[in-house]
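Biologist: Could you take me through one part of this model at close range, please? I'd like to hear how its pieces pack, and then a word on the cysteines.

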Amino acid sequence: MKIISPSLLSADFGHLERDIAMLNESACDWLHVDVMDGVFVPNISFGQPIVKAIKRYAAKPLDVHLMITDPDRYIRDFADAGADIITVHSEACIHLDRTLKLIKDCGCRSGVALNPATPLVMIENVLDICDLVLLMSVNPGFGGQSFIENTYNKVSAFRQLREQRKSSCLISVDGGVNLSNAPLLFNAGCDVLVAGNAVFKSDSPQLTIQKLKQ
Ligand code: DX5
Ligand code: ZN
């Protein structure tokens with residue numbers, strides 16, 4: 001599966017409607033929505049009201065990446081705001097099993113993200129209730145950072161784990177994805193690539209999305 005999920009963190013917040021319309025017309029599959037609380041990560045982005053506004057214009061599923069502490073408090077709000085997939089960080093959840101079940105109870109697909117330094121063992125026991133595993137290839141908090149090469153090892157290790165556990169959850173990679181590493185990541189077995197700067201800072205975002213997919 002080759003899913004491209006452009007990250008709206010790199011869009012022009014003054015022209016979100018225009019940028020979403022551009023993505024609606026593009027070859028991308030999902031819209032990646034980065035929510036940051038200034039506590040779990042050293043940056044603040046936006047919350048539920050903006051997600052609700054994005055939903056009004058988006059013609060594709062919203063892939064909401066919560067970089068917030070204790071996300072259980074807000075999962076229902078983000079589901080109500082229009083999230084289709086909700087991804088929480090394993091590092092931010094004390095009761096990850098409960099959190100993932102809550103996401104599903106709210107009618108969304110569940111995702112769990114791991115920071116670059118977090119080992120895969122942290123999610124071994126929740127694979128059966130998880131639809132997506134998001135491997136961070138930068139330390140979360142900002143767009144435009146450079147890709148951490150160890151991600152390739154993590155992707156292949158995760159593929160083995162997924163096979164052992166007979167899980168069908170998707171593998172997503174987020175951070176520093178560009179036209180050079182995208183083919184290598186898809187070859188390594190990724191299902192979903194998130195890309196912010198590579199898409200929005202390019203001369204033709206739609207063409208870049210098409211190239212990322214190939
Ligand atoms: C980083 C966010 C990413 C970010 C990706 O904390 O989770 O989704 O927007 O941006 P690029 O592709 O520019 O690294
Ligand atoms: Zn993200």
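**A helix pair, and the cysteines**

Modeller: Happily! The crossing of α5 and α6 is right-handed (the near helix is turned clockwise from the far one by less than a right angle; anticlockwise would be left-handed). This is a predicted model, where local features need pLDDT of at least 70 and side-chain atom pairs pLDDT 80 or more, while totals for chains, interfaces and linings use all residues. Residues are numbered from 1 along each chain as written, chains are lettered from A and ligands numbered from 1 in written order, and side-chain values use heavy atoms, leaving out hydrogens and water.

Helix α5 spans residues 151-164 and α6 residues 181-188; they pack at about 20°, with axes 9 Å apart. (Helices are DSSP runs of H or I, at least four residues, numbered from the N terminus; axes are lines fitted to C-alpha atoms over the stretch in contact, with angles from 0 to 180 degrees between N-to-C directions.) That makes the two roughly parallel, the term for angles under 35 degrees.

From α5, Tyr152, Val155 and Arg159 meet Asn181, Leu184, Leu185, Asn187 and Ala188 of α6, contact being heavy atoms within 4.5 Å. Five of these residues are nonpolar, two polar and one charged; Tyr, Val, Leu and Ala count as nonpolar, Arg as charged and Asn as polar.

As for the cysteines, there are zero disulfides (pairs of cysteine sulfur atoms within 2.5 Å). The sulfur of Cys169 lies 4.7 Å from its closest cysteine sulfur, in Cys130, too far for a bond. Cys169 is also buried, at 2% relative accessible area (buried means under 20%, with a 1.4 Å probe and protein chains only).

Methods
Parallel < 35°, antiparallel > 145°, perpendicular 65-115°, else oblique. Buried < 20%, exposed > 50% of the residue type's maximum accessible area, 1.4 Å probe, protein only.
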